[in-house]
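Trainee: Please take one part of this model and examine it closely, beginning with a single loop and working outward to the elements around it. I should like the answer as one connected account.

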Amino acid sequence: MPEEREDSNGKQLILAREILPDVIPIIPISQRPIFPGMMIPLVLTGDVMINTASSIMESEKKIGGVVLVKGQQGETAVSSDLYEVGVSAKILKVTPVDEKTVQLMINAIGRFKKAEVMQESPFINWKVDHHYEDEYVPSESMKAYSRAIVSSIRDLIKSNSLFQEEMKLFLNRFTVEDPGKLADFVASMTSADAKEIQDVLETFDVRSRVEKVLLLLKKELELSRLQEKITKQIEQRISKQQKEFFLREQLKEIKKELGLEKDEKTTELERFEERLKKIHLTEEAQKKFDEELDKLKILEPHSAEYGVSRNYLDWLTALPWGVYSADNYDIHKAKKILDRDHYGLDDVKERILEFISTGKMKGNISGSIICFVGPPGVGKTSIGKSVAEALNRKFYRFSLGGMRDEAEIKGHRRTYIGAMPGKFIQSLKSVEVANPVIMLDEVDKIGASFQGDPASALLEVLDPEQNSQFLDHYLDVRFDLSNILFIATANQLDTIPAPLLDRMEIMKLSGYILEEKMQIAKRFLLPKQIKEHGLQKSMVSIDRNALKNIIDGYAREAGVRGLENHIRKIMRKVARKYAEGNTEPVSVTSENLEEFLGKPRFTDDSLYDRKIPGVVMGLAWTSMGGATLYIEATAVPSKMRGFKQTGQLGSVMKESSEIAYTYISSRIKDYGINENFFKNNLIHLHVPAGATPKDGPSAGITMATALYSLAKNKPLRKHLAMTGELTITGKVLPIGGVKEKTIAAKRSKVKTIIFPYENKKDFLELPEYIKVGLDAYFVNYFDEVLEVVY
């Protein structure tokens, strides 16, 4: 039954409960629920929300429902996404923000519960059961609850002034004696999560609601106390640090007044002036130093420019201006050091000793750039160290491999944050002398990018005519690099730019043959690995045959890095045996070698155990050293002539094969070949292994011999290899890599080797131990090749 009251004039008053409609549009909200009695703004975005607001405004009472969304769906929420309890609210004012957004001022009236969903589109409409709270009747228990809430709020106000302001607003509208409204207000003010606050909204019974709010207040109080405790701890730390800072500053000032201590700037200035006494700046550098020092004196230590100037002066005075180490030109001592550190490489050692001898006669070794070229693991870097030791010079090494920024060479300009000098200036600061040996490793792998071309920047550094006036972008004063001995290393020369290559003296390290590797292993690798693995010489031994099998079956590369890795593997297994309690010396022999290293990686280089027409062994050069390769030719019956090549051949090698095919085809009468052989067959020429790319002209005579052997059906004798470029008239032209190819042939048990005649001088210059056991023939024309082969 609706309640009726009369005012002072006797007129009938209609209560709010009588004007609340049963079917209302629903506004979903996603953050926190709204409680009865609250007057707050709401911002609605999207067509659905704006339609909902319009529908409410068009209704007679302008009343809708506000319900919390369970998730975060917002505008796309449907009835199943909403809680069942919300508040009815009257829209007091609508303010458009833009086409898709409006702001509402609403007054929340009372709780309701969903009874039935009337519609979902274009907006949500519910039939609801409104909850009307009974008029508050004071009671002792309710007063006690109210006071408990007020007491908790009083405690919270001490740490959170926001509660104080909100409490004033509440008291302007309601009495603190009404526990229901007080509980709603307090619940809306807490920082509890939306689910806990919604639970308070859904509690219609005032006593239960107050109990829940008291629990929330207790949690809020605990959180507030914890926050206050953390804030106090932070303030204490800060105040302690501030106190210490002020005390330190006072102490500094007192010490300064007493002359016991100097400030940071004075200390820095004195340090730079002290350094200046030990070096000999050029006129240009001295002028720059004076300018920067004067600037530093007037700058405040806390300014950004102070740090830039200080760093610049630090670099300028840390460089070894006019500081040189005394060179040692004792040829016998140099030879002793080179022989001590390296076995073999006699030709390279001779050239190094000649180089030092020239320096002795001149009085200096300035203006020299050496480039060691050879496969990995042949000792390029270590021989550079030995040269530095022989000359009594400091040694510095850095790699150019993958370098893509020219600022690495020439430095960054000082305008950039974190600017630094280039690698050469950095190296001079590190070695503290102006005439070190600087090794430029992997000069063939230098890159280029949008940041510049480091190879071009190196031209100035490595040019004896220019490097005495080297200008680093950071220093911006010229430094003399002409006293530095530069040693570059590379695996191949093809990728080094020609102007850069022109500035270097090339020394080739071809690699080692079996006998040299045996000696290197005995003298250097075995003692080194025994020591590195914590073993004694008496604990392990590797006999000569086992060592030979390691080199031949596991480590055939030109260098000795692979050999060292396999010796290291043996030592690890030996170390484990001793760690597990073994006390007997371990002996590695050819019989038990597989227990330590597994099955051999390499077998006999000979792919064929019988002689086959059309198959010839050739010799090749790679960046890893020399190698053997086979040329195979076969004929496929066909109605017309044809020629195809496989085996990943490069364009130069394909041209060589076509020259060989043309040459043999043009001389079928001279060689007594059946006239129809090439007419009625497709000739297929293959170079295994198919996955390895190959290129170069030096397989010309090998391909022609394979075609001749196929056409005549005459196989070649075994243990024979050849190399040489062939012209279309049958002339044999010289090739490169004679030493590497000879070593590869010897490794593959070749007995007879054919070279172009013009390479005879290169072969004769080889050490005797490489040539021994080889029958070498030198040919001018292809006909001479056939005379040797058959």
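Mentor: Glu 432 lies in the loop that links α14 and β11. The model is a predicted one, and in it the phi angle of Glu 432 is near 65°, a positive value in a residue other than glycine. Glu 432 counts as exposed because its relative accessibility is 53%, and exposure here requires a value over 50%.

The two elements on either side of this loop, α14 (423-431) and β11 (437-441), are both among those that cover the buried residues of α15. The cover of α15 also includes α13 (407-410), β12 (470-471), β14 (485-490) and α16 (498-502). Helix α15 itself spans residues 454-461, and because six of its eight residues are buried, it is largely enclosed by the rest of the structure. The buried residues are Pro 454, Ala 455, Ala 457, Leu 458, Glu 460 and Val 461. A charged residue, Glu 460, is thus listed beside Leu 458 and Val 461.

Leu 458 leads to the next level of the picture. Together with Leu 440 and Phe 486, Leu 458 touches the most other members of the largest nonpolar core, which holds 54 residues. Helix α9 supplies the largest share of this core, five residues. As a general background, nonpolar side chains tend to be buried together in soluble globular proteins. Setting aside neighbours within four places in sequence, Leu 440 has contacts with Phe 398, Leu 400, Phe 424, Leu 458, Leu 462, Phe 486, Ile 487, Ala 488 and Thr 489. Another core, of 53 residues, lies apart from this one, and its members include Leu 338, Ile 352, Val 437 and Tyr 512.

How do α9 and α14 meet, and at what angle do they cross? Their axes come within 9 Å and cross at roughly 65°. On the α9 side the contact is made by Asp 314, Trp 315 and Ala 318, and on the α14 side by Ile 425, Gln 426 and Lys 429. By class, these residues divide into three nonpolar, one polar and two charged.

Helix α9 (residues 304-318) also packs against α7 (residues 264-276), with the axes 9 Å apart and an angle of about 25°. The two helices are therefore roughly parallel to each other, since angles under 35 degrees fall in that class. The crossing of α7 past α9 is left-handed. From α7, the residues in this contact are Glu 264, Lys 265, Glu 268, Arg 271, Phe 272 and Arg 275; from α9, they are Tyr 306, Arg 310, Leu 313, Asp 314, Thr 317 and Ala 318. Seven of the contact residues are charged, four are nonpolar and one is polar. Asp 314 and Ala 318 are thus listed on the α9 side of the contact with α7 and on the α9 side of the contact with α14.

Helix α7 has a further partner in α8 (residues 283-298): here the angle is about 170° and the axes are 10 Å apart. These two helices are therefore roughly antiparallel. As with α9, α7 passes α8 in a left-handed crossing. On the α7 side the contact involves Lys 265, Leu 269, Phe 272, Glu 273 and Leu 276, while α8 contributes Gln 286, Phe 289, Leu 293, Leu 296, Lys 297 and Ile 298. This contact has seven nonpolar, one polar and three charged residues. Lys 265 and Phe 272 of α7 appear in the contact with α8 and also in the contact with α9.

Finally, Glu 432 may be set beside another residue of its kind. The phi angle of His 719 is near 60°, again a positive value in a residue other than glycine. His 719 lies in the loop between α22 (700-712) and β22 (720-722), and with a relative accessibility of 40% it counts as partly exposed, whereas Glu 432 at 53% is classed as exposed.

Definitions and conventions. Residues are numbered from 1 along each chain as its sequence is written. This is a predicted model: local features need pLDDT of at least 70, side-chain atom pairs count only at pLDDT 80 or more; totals for chains, interfaces and linings use all residues. Side-chain values use heavy atoms; hydrogens and water are left out. Axes are lines fitted to C-alpha atoms, for helices over the stretch in contact, and angles run from 0 to 180 degrees between N-to-C directions. Helices (H or I, at least four residues) and strands (E, at least two) are DSSP runs, numbered from the N terminus. Angles under 35 degrees count as roughly parallel, over 145 as roughly antiparallel, 65 to 115 as roughly perpendicular and the rest as oblique. A crossing is left-handed if the near helix is turned anticlockwise from the far one by less than a right angle, and right-handed if clockwise. Contact means heavy atoms within 4.5 Å. Ala, Val, Leu, Ile, Met, Phe, Trp, Tyr, Cys and Pro count as nonpolar, Asp, Glu, Lys and Arg as charged, and the others, Gly among them, as polar. A nonpolar core is a set of buried Ala, Val, Leu, Ile, Met, Phe, Trp, Tyr and Cys residues joined through side-chain atoms within 4.5 Å. Buried means under 20% relative accessible area, exposed over 50%, partly exposed in between (1.4 Å probe, protein chains only).
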